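Let's take a walk through this one together, a stop at a time. Keep the viewer open and follow along.

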Amino acid sequence: MKLALSESQSMLKDTVARLFADEATPERLRAAEDTGVDQALWDKLVELGIVGIRAIEPQDGGMTLMDAAIVAEEAGRHVAPVPLIEAIVAIALLHRLDAPAALLSAVDSGAIATLALNPVVPGVAQPVLGGSRAHVVLALDGNDLVALTGLNAAKASNIAAAAVANLDLSDGAGERFVLATGDIAVSQFAAACEEWKVLTAAYLAGLGRRALELAAAYSVERHAYGSPIGAYQGIAHPMADAATHMDGAKLLAWRAIASIAAGDAKEARAPPWPIGGRPIA
């Protein structure tokens, strides 16, 4: 497990950090509350190839799971109003399964793809991350891994000002493409969910670290009884503990990625990776 970023990874980190700092401003975040998606930011991420960074295998010029985690961490630091992690995982899965050309063309051109983390239950809506604007939703329907389009996600009300919406994936709306069936479908989808968990952990580590930085800055500016509140043990000690916890969270996410790269069968409680379905870290 390497704790230092390579030159290319440092460049990637700097690039996305500047992008999110410029685009994910408080004003833009508030403006995106109705849907949870800032379309202008999404378009730039598509243009830069960030959304599809896992669509191509690293040996063919694509990026690794660690690269995706670097992007996810910076997205978390800026609370980027886009369903980036879900799209990265979903698009990679579509390419891995050689989905129909029309689907691949759509998502590669900017159509929002996501995945439903729970299996499809007839007549039951479930919260879908990115569902408020998703054009393609990947889901496990029995033993079929399907891609659903035309769910009228644009009309779905989002939840908590985020890109989340309740969708009934069994209502028959739109088109249904079967990407895989049987054990391959189940294991491929499980592998994608594990990748989503790792990237979400990196996102939350970035979010937590940024929250701590803001709290530390405030503890220096805010005075009480003639001293900065950060000088008092009741503030300083919990913040020191929080800093340790945030560093630990980041390292645990990196450890999971390193375990996947090393082929550790115990990594992230993942099932055996199917042939061709293993994320390459």
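Start with Asp-247 and Arg-209, whose side chains meet in a salt bridge at 2.5 Å, N to O. This pair links distant parts of the chain, with Asp-247 in helix H8 (residues 233–262) and Arg-209 in helix H7, 38 residues apart. Both ends count as partly exposed: Asp-247 has a relative accessible area of 41%, and Arg-209 comes in at 23%. Keep in mind as you look around that this is a predicted model.

Now zoom out to the two helices that carry the pair. Two packed helices are described by the angle between their axes and the distance between the axes. For H7 and H8, the axes come within 9 Å and cross at roughly 160°. Angles over 145 degrees count as roughly antiparallel, so that is the label for H7 against H8. The crossing of H7 and H8 is left-handed. What does H7 bring to the meeting with H8? Its contact residues include Val-198, Ala-201, Ala-202, Ala-205, Gly-208 and Leu-212, along with Arg-209 from the salt bridge. On the H8 side you'll find, among them, Ile-235, Met-239, Ala-242, Ala-243, Met-246 and Ile-260, as well as Asp-247.

Stay on H7 for another salt bridge. Glu-195 pairs with Arg-54, and their closest N and O atoms are 3.1 Å apart. Glu-195 lies in helix H7 (residues 182–221) while Arg-54 sits in the loop between H3 and helix H4 (65–77), so the pair ties together parts that are 141 residues apart in sequence. Is this pair buried or exposed? Glu-195 is buried, at 2% relative accessible area, and Arg-54 is buried too, at 7%.

H7 has other company as well. It packs on a sheet, touching E1, strand E3 (136–141), E4 and E6, and its direction makes about 100° with that of E6. The sheet itself is open, with 4 strands in the order E1-E3-E4-E6 and mixed pairing. Strand E1 (113–115) and strand E6 (175–181) stand at the edges, each with a single partner strand, so one side of each is left without a neighbour in the sheet. On average, and ignoring direction, neighbouring strands here are turned by 25° against each other.

Let's go across the sheet strand by strand. E1 and E3 run parallel and are joined by 3 bridges; Ala-113, for instance, has Val-136 in E3 as its bridge partner. E3 is mostly covered, with 5 of its 6 residues buried. Next, E3 and E4 pair in the antiparallel sense over 6 bridges, and Leu-138 stands opposite Ala-147 in E4. These two strands form a hairpin with 2 residues between them, and Gly-142 in the turn has a positive phi of about 65°. The last step goes from strand E4 (residues 144–149) to E6, an antiparallel pairing over 6 bridges. Look there for Thr-149, whose bridge partner in E6 is Glu-175.

Back to charged pairs, this time towards the start of the chain. Lys-44 forms a salt bridge with Glu-23, the closest N and O atoms being 2.6 Å apart. Lys-44 lies in helix H3 and Glu-23 in helix H1 (residues 7–23), so this pair ties together parts that are 21 residues apart in sequence. The two ends differ in cover: Lys-44 counts as partly exposed at 35% relative accessibility, whereas Glu-23 is buried at 9%. Elsewhere, Lys-13, Glu-74, Arg-77, Arg-210 and Glu-213 are linked in a network of salt bridges. The count for the model comes to 14 salt bridges.

Two single residues round off the tour. Thr-35 is in the loop between helix H2 (26–31) and helix H3 (39–47). Despite that loop position, Thr-35 is buried, with a relative accessible area of 16%. Which residues does Thr-35 touch, leaving out those up to four places away in sequence? They are Ser-132, Arg-133, Asn-158, Ala-162 and Ala-163. Ala-106, in helix H6 (residues 101–108), is partly exposed, at 31% relative accessible area. Its C-alpha atom is separated by 23 Å from that of Thr-64, 42 residues apart along the chain.

Notes: Residues are numbered from 1 along each chain as its sequence is written. This is a predicted model: local features need pLDDT of at least 70, side-chain atom pairs count only at pLDDT 80 or more; totals for chains, interfaces and linings use all residues. Side-chain values use heavy atoms; hydrogens and water are left out. Buried means under 20% relative accessible area, exposed over 50%, partly exposed in between (1.4 Å probe, protein chains only). Contact means heavy atoms within 4.5 Å. A salt bridge is a side-chain nitrogen of Lys or Arg within 4 Å of a carboxyl oxygen of Asp or Glu. Two strands pair if DSSP finds at least two bridges between them. Axes are lines fitted to C-alpha atoms, for helices over the stretch in contact, and angles run from 0 to 180 degrees between N-to-C directions. Angles under 35 degrees count as roughly parallel, over 145 as roughly antiparallel, 65 to 115 as roughly perpendicular and the rest as oblique. A crossing is left-handed if the near helix is turned anticlockwise from the far one by less than a right angle, and right-handed if clockwise.
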